[in-house]
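The following paragraphs lead through one protein model, from its overall composition to individual residues. Please keep the sequence and the coordinates in view while reading.

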Amino acid sequence: INSKLYGMNDNVDLQLLDANGKVLATSAKGSLSSDAISKSVGPGTYYLHVYYSGTSSTTYWLRISGATLATPLPGTKQTVFTTASASDLKKLLTAA
């Protein structure tokens, strides 16, 4: 799984978690520096946790590659996104 968090106006950090919530990797560079995580993982379900550590609100971009979105529930459509919103970040990632 490769992820990059960038374009923010305040400090935001990034974590990769497994299905049980265990932190597998953290990128917390501070300031306006881009955060990135590149981690080889086996098949399974993973979460990207973006958390705010600054002093004011900010927008940001999250780029994800090397993973597919979890299989959608019956009757729903799979969402493909290029920019991340709060609802997008709640989606599961499944390593192929």
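**From the whole chain to single residues**

Of the 96 residues in the protein chain, 31% are buried, where buried means under 20% relative accessible area, exposed means over 50%, and partly exposed lies in between (1.4 Å probe, protein chains only). The model is predicted, so that local features need pLDDT of at least 70 and side-chain atom pairs count only at pLDDT 80 or more, whereas totals for chains, interfaces and linings use all residues. Residues are numbered from 1 along each chain as its sequence is written, and side-chain values use heavy atoms, with hydrogens and water left out.

The accessible surface of the protein chain amounts to about 5800 Å², computed by the Shrake-Rupley method with a 1.4 Å probe, and for residues only the protein chains shown count as cover. Carbon and sulfur atoms hold 52% of this surface.

The secondary structure consists of one helix and eight strands. These elements are DSSP runs numbered from the N terminus, with helices (H or I) of at least four residues and strands (E) of at least two. Along the sequence, the order is β-β-β-β-β-β-β-α-β. Among contacts in the protein chain with a separation of 6 or more, 62% involve residues 24 or more positions apart; a contact means heavy atoms within 4.5 Å.

Confidence is described by pLDDT, the predictor's confidence in each residue on a scale from 0 to 100. The protein chain averages 74, and 69% of the residues score at least 70. Among the elements, strand β3 (residues 23-27) has the highest mean pLDDT, at 93, and strand β8 (residues 93-95) the lowest, at 43. The pLDDT is below 50 over residues 77-87, a stretch with 19 contacts in the model beyond near neighbours in sequence. It is also below 50 over residues 89-96, where 32 such contacts occur in the model. Where pLDDT is low, the predicted coordinates should not be read in detail.

The tour of single residues begins in a loop. Asn 11 is located between β1 (2-6) and β2 (12-18). Its relative accessible area is 13%, and Asn 11 is therefore buried. Beyond residues up to four places away in sequence, Asn 11 touches Gly 30, Ser 31, Tyr 52, Ser 53 and Gly 54.

The next residue, Gln 15, belongs to strand β2. Gln 15 counts as buried because its relative accessibility is 14%. Not counting residues up to four places away in sequence, its contacts are Val 23, Ala 25, Thr 26, Ile 37, Tyr 47, Leu 48, His 49 and Tyr 51. For Tyr 51, 36 residues apart from Gln 15 along the chain, the C-alpha separation is 8.2 Å. With Thr 26, the side chain of Gln 15 makes a side-chain polar contact of 3.4 Å. A polar contact is a pair of N or O atoms within 3.5 Å; within protein, one must be able to donate a hydrogen and the other to accept it, and residues adjacent in sequence count only if both atoms are side-chain atoms.

His 49, one of the residues touched by Gln 15, is placed in strand β5 (residues 44-52). With 34% relative accessibility, His 49 counts as partly exposed. Apart from neighbours within four places in sequence, His 49 contacts Asp 13, Leu 14, Gln 15 and Leu 17. The C-alpha atoms of His 49 and Thr 26 are 9.3 Å apart, at a distance of 23 residues along the chain.

Leu 24 is found in strand β3. Leu 24 is partly exposed, since its relative accessibility is 27%. Its contacts, leaving out residues up to four places away in sequence, are Leu 16, Leu 17, Asp 18, Lys 39, Val 41 and Tyr 46. Ile 37 is 13 residues from Leu 24 in sequence, with 9.9 Å between their C-alpha atoms.

Ser 38, in strand β4 (residues 35-38), is exposed, with a relative accessible area of 62%. Outside residues up to four places away in sequence, Ser 38 touches Ile 1 and Asn 2. The side chains of Ser 38 and Asn 2 are joined by a polar contact of 2.5 Å. Lys 4 lies 34 residues from Ser 38 along the chain, and their C-alpha atoms are 8.6 Å apart.

Lys 4 also has a ring partner: its charged end sits over the ring of Tyr 6, 5.4 Å from the ring centre. This term requires NZ of Lys or CZ of Arg within 6 Å of the ring centre and within 35 degrees of the ring normal.
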